[in-house]
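The exercises below ask you to read a protein model step by step, and each task is followed by a worked solution. Try each task yourself before reading on.

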Amino acid sequence: MKDRSAPSAPSGDVSPMDSQWTRSATGSPTSEAPEASLPFSEWFWSAIYLLTGFDRDVIAKVCRESHDTFAIPERHLSGAATWAPSEVLEQLSGAVASHLEMLKELKEWRRRRKQNRALAHDFVARSQYEAVLGRVRASVPTEDFFTDFFGELNCQRCGITALDAGFAKMSELRKVSLTANRLEALENLPPNLEVLSACGNRITRVGSLAGSPELRHLGLSHNRLADLTHLV
C-alpha cells in the first residue's frame with residue numbers, strides 16, 4: 001500500500017474566504033516532493049483515506065467481495081484534518097463509523113457461523129444474519145457518497161498540480177480554495193461551484209466556465225495569465 005503518512009497542514013497568510021476553516025498543526029495531505037505531480041483526485045482520496053480508512057481501492061473491494069474476505073478499514077486520523085469545515089468532517093467520520101460498526105457485527109456473525117455450523121441451518125440465526133448482511137450492503141459508502149459529501153473544501157498549499165476529471169465530479173461543491181498550489185490550468189470545474197479562489201498558482205490557461213453557471217466569484221490574482229477577455 002502507498003505511504004499515506006500525514007504531512008503538516010497549510011500555514012501562513014490565508015485569503016478572507018478561507019478564514020472560517022479550523023486549522024491545526026497536522027492532518028492536511030500535501031505533496032512531499034515540491035515538483036511531484038499531484039492531480040486533485042489523488043489528493044482528495046488521500047485525504048479521505050487519512051480521515052476514514054476508505055479510498056477507491058477499499059471501496060472496490062467492499063463491492064467486489066461482498067464483505068466475504070474484506071478487511072475492516074481503520075481511521076488513521078480523527079479531528080486533525082483542516083481541508084473542510086470541522087463539523088462536516090465530523091459528520092463524515094460518523095457516517096463511516098456506523099458502517100464500520102456494521103462490518104464488525106457481520107464479521108462476528110461469520111466467526112460464530114464458522115465455529116458452529118449448525119447456525120447456518122437455524123432459521124432464526126439465519127434470519128438475523130441476513131438482516132445484518134442487508135444493513136451492511138445498504139450502508140456501503142460508494143465513491144459518489146464521498147465526492148457528493150462536500151459543499152466546501154479548503155485545499156490551500158496542498159501541492160495540487162492539476163484539476164482532473166475527478167474535480168468535476170464534486171457535484172455538491174460550491175466553495176473551494178485552491179490558493180497557493182501549483183496549478184497551470186483552470187479546468188474541469190464542478191457544475192454547482194459558486195466561489196473559487198485559485199490565487200498564487202502558475203495558471204496560464206482558463207478553460208470554459210460554461211459548465212459552472214452558478215460561479216459568481218473567481219479569484220485569479222498572482223498567476224501567469226496574459227489575457228482574460230475570453231471570460232467576459
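**Exercise 1.** In which loop is the place of Asp55, and is Asp55 buried or exposed?

*Solution.* Keep in mind from the start that this is a predicted model. Step one is to locate the residue: Asp55 has its place in the loop between α1 and α2, the latter covering residues 56-65. Step two is to look at its accessibility, and since the relative accessible area of Asp55 is 5% and the cut-off for buried is under 20%, Asp55 counts as buried. Step three is to follow the side chain, which reaches the backbone nitrogen of Asp57 at 3.1 Å.

**Exercise 2.** Describe the overall make-up of the protein, beginning with its secondary structure.

*Solution.* Begin by counting the elements, which come to six helices and six strands. Next, read them in sequence order, where the pattern is α-α-α-α-α-β-α-β-β-β-β-β. Then turn to burial: the protein has 232 residues, of which 43% count as buried. Finally, consider the contacts between residues at least 6 apart in sequence, among which 49% join residues at least 24 apart.

**Exercise 3.** At what angle do helix α1 and helix α3 pack, and which residues meet there?

*Solution.* First find the two helices, α1 at residues 40-52 and α3 at residues 86-115, which pack at an angle of about 65° with their axes 10 Å apart. Because angles of 65 to 115 degrees count as roughly perpendicular, α1 is described as roughly perpendicular to α3. The handedness comes next, and the crossing of α1 and α3 is right-handed. As for the residues, α1 contributes Ile48, Leu51 and Thr52, which meet Leu89, Leu92 and Val96 of α3. Sorted by class, this contact of α1 with α3 holds five nonpolar residues and one polar residue, with no charged ones.

**Exercise 4.** Work through the pair α3 and α4 in the manner of the previous exercise.

*Solution.* Start with the geometry: the axes of α3 and helix α4, which spans residues 123-138, come within 9 Å and cross at roughly 150°. Since angles over 145 degrees count as roughly antiparallel, α3 and α4 are roughly antiparallel to each other. The crossing in which α3 passes α4 is left-handed. Turning to the residues, those of α3 are His99, Met102, Leu103, Glu105, Leu106, Trp109, Arg110 and Arg113, and they meet Ala125, Gln128, Tyr129, Val132, Leu133, Arg135 and Val136 in α4. By class, the residues of this contact of α3 with α4 divide into nine nonpolar, two polar and four charged.

**Exercise 5.** Where do Glu184 and Arg157 lie, and what surrounds Glu184?

*Solution.* Take Glu184 to begin with, which lies in the loop between β2 (175-177) and β3 (185-186). With a relative accessible area of 47%, Glu184 is partly exposed. Once its neighbours within four places in sequence are left aside, Glu184 is in contact with Thr161, Arg202, Ile203, Thr204 and Arg205. The C-alpha atoms of Glu184 and Arg224 are separated by 8.5 Å, although the two residues are 40 residues apart along the chain.

Now move to Arg157, which lies in the loop between β1 (152-154) and α6 (165-168). Arg157 is partly exposed, with a relative accessible area of 31%. Its C-alpha atom is 9.6 Å from that of Ser177, and these two residues are 20 residues apart along the chain.

Note on methods. Residues numbered from 1 in each chain as written. Predicted model: local features only at pLDDT ≥ 70, side-chain atom pairs only at ≥ 80, totals over all residues. Heavy atoms only, no water. Axes fitted to C-alpha atoms, helices over the stretch in contact; angles between N-to-C directions. Helix = DSSP H or I, 4+ residues; strand = E, 2+ residues; numbered from the N terminus. Parallel < 35°, antiparallel > 145°, perpendicular 65-115°, else oblique. Left-handed = near helix turned anticlockwise from the far one by under 90°. Contact = heavy atoms within 4.5 Å. Nonpolar A, V, L, I, M, F, W, Y, C, P; charged D, E, K, R; others polar. Buried < 20%, exposed > 50% of the residue type's maximum accessible area, 1.4 Å probe, protein only. Polar contact = N/O pair within 3.5 Å; in protein donor to acceptor, adjacent residues only side chain to side chain.
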